[in-house]
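Me: I should like to learn how to read this structure feature by feature. Please give the general idea at each step and then the case at hand.

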Amino acid sequence: MKKHNFYAGPSILPRYTIENTAKAVLDLDGIGLSVMEISHRSKEYIAIIEEAQDLFKELLNIPEGYTVVFLGGGASLQFAMVPFNLMNKKAAYLNTGAWSKKAIKEAKLFGEVDVVASSEDKNFSYIPKGYTIPADADYFHITTNNTIYGTEIHTDLDSPVQLVADMSSDIFSRPVDVSKYAIIYGGAQKNLAPAGVTFVIVKNEVLGKVDREIPTMLNYQTHIDKGSMFNTPPCLPIYAALQTLRWLKNLGGVEAMQKVNQDKAAMLYNEIDRNSLFKSTVQDPADRSLMNICFVMNDGKEDLEKDFLEMVTSRGMVGLKGHRSVGGFRASTYNALPVDSVKTLVETMQEFETLKK
Ligand SMILES: *Cc1c(COP(=O)(O)O)cnc(C)c1O
């Protein structure tokens, strides 16, 4: 049966990425060797990592003065690397969910953390507004897409201090004004590649301004100086990321992708709002994620949750069970998810309503 993959991460990748990576695992461009068994310093591999860095810059329109590095350790290691490299005294954080909280916890090891606002009072079901960012903070950290709770900051915020953003789950889903950010980072396993590589876009001039000693591997400067080759980079996931970047470029880049993402999300949110059996967990449409769409059974219909999960499963839809801290359902509609999968889900919701009403 055809599967519709709604997993939140690791998650669906373009067929193009999977097929080309599978081919290169067997034989990279006819050189008689697997991409997994060549030196990261071979001319073949250097061409791969350089093209991946170049496409990052091209697709996100990254200005001069920034470097793209590929690291290990996941987005979670960045929670510590960011303050290690950037925080002198104080940093500001917006608390919009579990990932923000983990970032805040690490930052507290390095200095004063000013949590300017939080949406924890309502189980992170909205994006806080109307807060003040202290002008003396070294940076302001945000999580642009809250993978677990289905909220998203859709614009590049105006801030008196430079922004740092965890974009693990919405990178390449829309155009970004990179010039507003000191650092953008994320694990690749949501919208880009298999797990194992972390991308970091660093504004070169923000580094070198803290007094503390930074261990070599945790210092961004090390990786910038060595073109992500200080030690062995995650070679295979970077190869897969390159395929996704080529796929995205062929599709028309992030502007074209954004349009598709908006259409897919609108289709599903419209059905959630219309269907009497379901309700969205994010009230304000402006805060609703285009990548992770959370919904629950409507009031009084809670006992139908299991039936619906069984129905979608029987039709080949996987990964729709909501995160335990929200419950209900979460449809992750990343770049690679076909419109057809969203249509299948919407049709199933409509049929379910007819059956159960
Ligand atoms: C998945 C996710 C993380 C964690 O990423 P790891 O690579 O597993 O450390 C962090 N932030 C956000 C927004 C995520 O979606």
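Me: Which of the 14 residues around the ligand come nearest?

Reply: Please keep in mind that this is a predicted model. A residue is placed around a molecule by the distance of its heavy atoms, the cut-off being 4 Å. Here S76, T147, D166, Q189 and K190 come nearest of the 14 residues around the ligand.

Me: Which polar side-chain atoms lie 2.6 Å from an oxygen atom of the ligand?

Reply: For a polar contact one looks for a pair of N or O atoms within 3.5 Å. S76 has a polar side-chain atom 2.6 Å from a ligand oxygen, and K190 likewise places a polar side-chain atom 2.6 Å from an oxygen atom of the ligand. The backbone takes part through A75, where an N or O atom lies 3.0 Å from a ligand oxygen.

Me: Let us turn to the domains. What does the domain assignment of the protein give?

Reply: One begins with the bounds and then considers the separation of the centres. The assignment gives domain 1 as residues 15-251 and domain 2 as residues 253-356. Taken over C-alpha atoms, the centres of domain 1 and domain 2 are 27 Å apart.

Me: How many residues of each domain are in contact, and what area do the two bury between them?

Reply: Contact is counted by residues, whereas burial is expressed as accessible area lost when two parts are put together. In this model, 28 residues of domain 1 contact 27 residues of domain 2. The area buried between domain 1 and domain 2 is about 2,100 Å², with 53% of it on carbon and sulfur atoms. On the domain 1 side, I148, G150 and P175 supply 22% of the area buried against domain 2, more than any other three residues.

Me: Which polar and charged links should I look for between domain 1 and domain 2?

Reply: The salt bridges and the polar contacts are counted separately. Between domain 1 and domain 2 there is one salt bridge, and 14 residue pairs are in polar contact, both residues being at pLDDT 80 or more. On the side of domain 1 that touches domain 2, β7 (151-152) and α6 (235-251) each supply at least two residues. Helix α6 gives the most to that side, with four residues. By class, the side of domain 1 facing this contact has 12 nonpolar, 10 polar and six charged residues.

Me: How many salt bridges does the structure hold, and where in the chain do the partners R288 and D273 lie?

Reply: Each bridge is best read with the position of both partners. The structure holds 18 salt bridges. In one, the side chains of R288 and D273 meet at 3.0 Å, N to O. R288 is in the loop between β11 (278-280) and β12 (292-297), while D273 is in helix α7 (residues 253-274), 15 residues apart. The side chains of D287 and K129 also form a salt bridge, at 2.9 Å, N to O.

Me: What backbone features deserve a check at P10 and F124?

Reply: Here one reads the torsion angles. A cis peptide bond joins G9 and P10, with omega about -10°, and P10 is in the loop between β1 (4-5) and α1 (15-26). F124, a residue other than glycine, has a positive phi near 55°; F124 lies in the loop between β4 (112-118) and β5 (140-143).

Technical notes: Residues are numbered from 1 along each chain as its sequence is written. This is a predicted model: local features need pLDDT of at least 70, side-chain atom pairs count only at pLDDT 80 or more; totals for chains, interfaces and linings use all residues. Side-chain values use heavy atoms; hydrogens and water are left out. Domain bounds come from an automatic or database domain assignment. Contact means heavy atoms within 4.5 Å. Buried area is the accessible area (1.4 Å probe) that two parts lose on being put together, summed over both. A salt bridge is a side-chain nitrogen of Lys or Arg within 4 Å of a carboxyl oxygen of Asp or Glu. A polar contact is a pair of N or O atoms within 3.5 Å; within protein, one must be able to donate a hydrogen and the other to accept it, and residues adjacent in sequence count only if both atoms are side-chain atoms. Ala, Val, Leu, Ile, Met, Phe, Trp, Tyr, Cys and Pro count as nonpolar, Asp, Glu, Lys and Arg as charged, and the others, Gly among them, as polar.
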